[in-house]
Amino acid sequence: MERIEQHASHGGSQQVWKHASSALGCEMRFGVYLPEAALRGEACPVLYWLSGLTCSEQNFLTKAGAQEHAARHGLIVVAPDTSPRGAQVADDAAYDLGQGAGFYLNATQQPWAAHYRMYDYVVDELPALIEAGFPATDRRAVSGHSMGGHGALVVALRNPGRYRSVSAFAPIVAPSQVPWGRKAFSAYLGDDRKAWEQYDATELVKHASERLPLWVDQGEGDEFLQSQLQPQRLRAACDAVGHPLDLQLRPGYDHSYYFVASFIGEHIARHAQALRA
């Protein structure tokens, strides 16, 4: 790993690192906030943040205002990029496919399969890297926004016992049923709808062996609410099987980081409580 950024922030250090990813076959970047305790060498729990379409690691680091809250609660916060990058990595001219749109899955179709394995990267490679290279415990939480909210719900539901808590801001809860997801899944996974179900939170809750509570924050002024997000589908799926869901509808808030920044403190506080329980 090579550290390429370091900034003092709220008594801790906001850093950006790059490394060669074996899962993705390219160089990857991730942001990591180390609170004061971690800088002293004390082991701290970790919150993983997954960003949305078109984002890199930088959007969350510079717009969410998470550092103040992470410092208060003594959490390490890790924010990876949203997809593999580089000249050798397949891409598409559209914003919702290719680089910047990894969808946190393992692609099976060409030309994507060689590099688009963000599921393996987020679930396995990145945590192993963090826990080996920083004073991090194996107590993990996960959250995300939009496409990253989809990713957070999926990795938590598919990996019982791996995360102490999960939350999502304006997630794509039923990608198999909306244009963003259908486009990405068709390209990355082909026509096998059973493969699609493995990355669809509304399908995964039907068979979840762990009743990890899902916390979803959704702005009612979100321009993508009805066309792409449709949180009512997740509510119906959870109600059908008795899976705990806390769905907060926020009047007036849109899809932007103004929304995320307004409530990130509440999310970090709740994750901190779960991580230290």
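Which backbone oxygen lies 3.1 Å from a polar atom of the side chain of Gln99? It is the backbone oxygen of Gly86. The model is predicted. Its nine strands form an open sheet of mixed pairing, and the structure holds 15 aromatic pairs. The points below cover the sheet, the helices packed on it, the aromatic pairs, and three single residues.

**The sheet**

- The strand order in the open sheet is β1-β2-β3-β5-β4-β6-β7-β8-β9.
- β1 (2–9) and β9 (245–250) are the edge strands, and each of them pairs on one side only.
- From one strand to the next, the twist averages 20°.
- Strands in a sheet pair through backbone hydrogen bonds, in either the parallel or the antiparallel sense.
- The pairing of β1 with β2 is antiparallel and runs over seven bridges.
- Within this pairing, Glu5 has Val16 in β2 as its bridge partner.
- β1 and β2 make a hairpin, with two residues between the strands. His10 is in the turn and has a positive phi of about 50°.
- Strand β6 (residues 136–144) pairs with strand β7 (residues 165–169) in the parallel sense, over two bridges.
- Val142 stands opposite Val166, which belongs to β7.

**Helices packed on the sheet**

- Helix α3 (residues 66–73) packs on the sheet and touches β1, β2 (12–21), β3 (26–34) and β5 (76–80). The direction of α3 makes about 60° with that of β3.
- Helix α10 (residues 231–241) also packs on the sheet, where it touches β8 (214–219) and β9. The direction of α10 makes about 155° with that of β9.

**Aromatic pairs and charges over rings**

- The structure holds 15 aromatic pairs. One of them joins Phe103 and Phe185, edge-to-face, at 6.4 Å centre to centre and with 75° between the planes.
- This pair links distant parts of the chain, 82 residues apart: Phe103 is in the loop between β5 and α4 (118–133), and Phe185 is in helix α6 (residues 179–189).
- Phe103 has a relative accessible area of 0% and is therefore buried. Phe185 is likewise buried, at 0% relative accessibility.
- Phe169 and Phe259 form a pair with ring centres 5.6 Å apart; their planes are at 75°, so the pair is edge-to-face.
- Because Phe169 lies in strand β7 and Phe259 in helix α11 (residues 257–275), this pair ties together parts that are 90 residues apart in sequence.
- Phe169 is buried, with a relative accessible area of 0%, and the value for Phe259, also buried, is 0%.
- Phe169 and Phe259 belong to a cluster linked by ring pairs, together with Trp49, Phe60, Tyr253 and Phe263.
- Two arginines lie over ring faces: Arg158 over that of Tyr119, at 4.3 Å from the ring centre, and Arg270 over that of Trp215, at 3.6 Å from the ring centre.

**Gln99**

- Gln99 is placed in the loop between β5 and α4.
- With a relative accessible area of 21%, Gln99 is partly exposed; the cut-off for buried is under 20%.
- Gln99 and Gly86 are 13 residues apart in sequence, and their C-alpha atoms are 8.6 Å apart in space.
- Leaving aside neighbours within four places in sequence, Gln99 is in contact with Ser83, Pro84, Arg85, Gly86, Val89, Ala90, Asp91 and Tyr116.

**Ser56**

- Ser56 is found in the loop between β4 (44–50) and α2 (58–63).
- Is Ser56 buried or exposed? Its relative accessibility is 19%, so Ser56 counts as buried.
- A polar atom of the Ser56 side chain lies 3.1 Å from the backbone nitrogen of Gln58.
- Not counting residues up to four places away in sequence, Ser56 touches Ser51, Asp81 and Arg85.

**Lys183**

- Lys183 is in helix α6, and at 34% relative accessibility Lys183 counts as partly exposed.
- Leaving aside neighbours within four places in sequence, Lys183 is in contact with Ala94, Asp96 and Leu97.
- Lys183 and Pro135 are 48 residues apart along the chain, and 40 Å separates their C-alpha atoms.

Definitions and conventions:
Residues are numbered from 1 along each chain as its sequence is written. This is a predicted model: local features need pLDDT of at least 70, side-chain atom pairs count only at pLDDT 80 or more; totals for chains, interfaces and linings use all residues. Side-chain values use heavy atoms; hydrogens and water are left out. Helices (H or I, at least four residues) and strands (E, at least two) are DSSP runs, numbered from the N terminus. Buried means under 20% relative accessible area, exposed over 50%, partly exposed in between (1.4 Å probe, protein chains only). A polar contact is a pair of N or O atoms within 3.5 Å; within protein, one must be able to donate a hydrogen and the other to accept it, and residues adjacent in sequence count only if both atoms are side-chain atoms. Contact means heavy atoms within 4.5 Å. Two strands pair if DSSP finds at least two bridges between them. Axes are lines fitted to C-alpha atoms, for helices over the stretch in contact, and angles run from 0 to 180 degrees between N-to-C directions. Rings of Phe, Tyr and Trp (its six-membered ring) pair if their centres lie within 6.5 Å; planes under 30 degrees apart count as stacked, over 60 as edge-to-face and the rest as tilted. A charge sits over a ring if NZ of Lys or CZ of Arg is within 6 Å of the ring centre and within 35 degrees of the ring normal.
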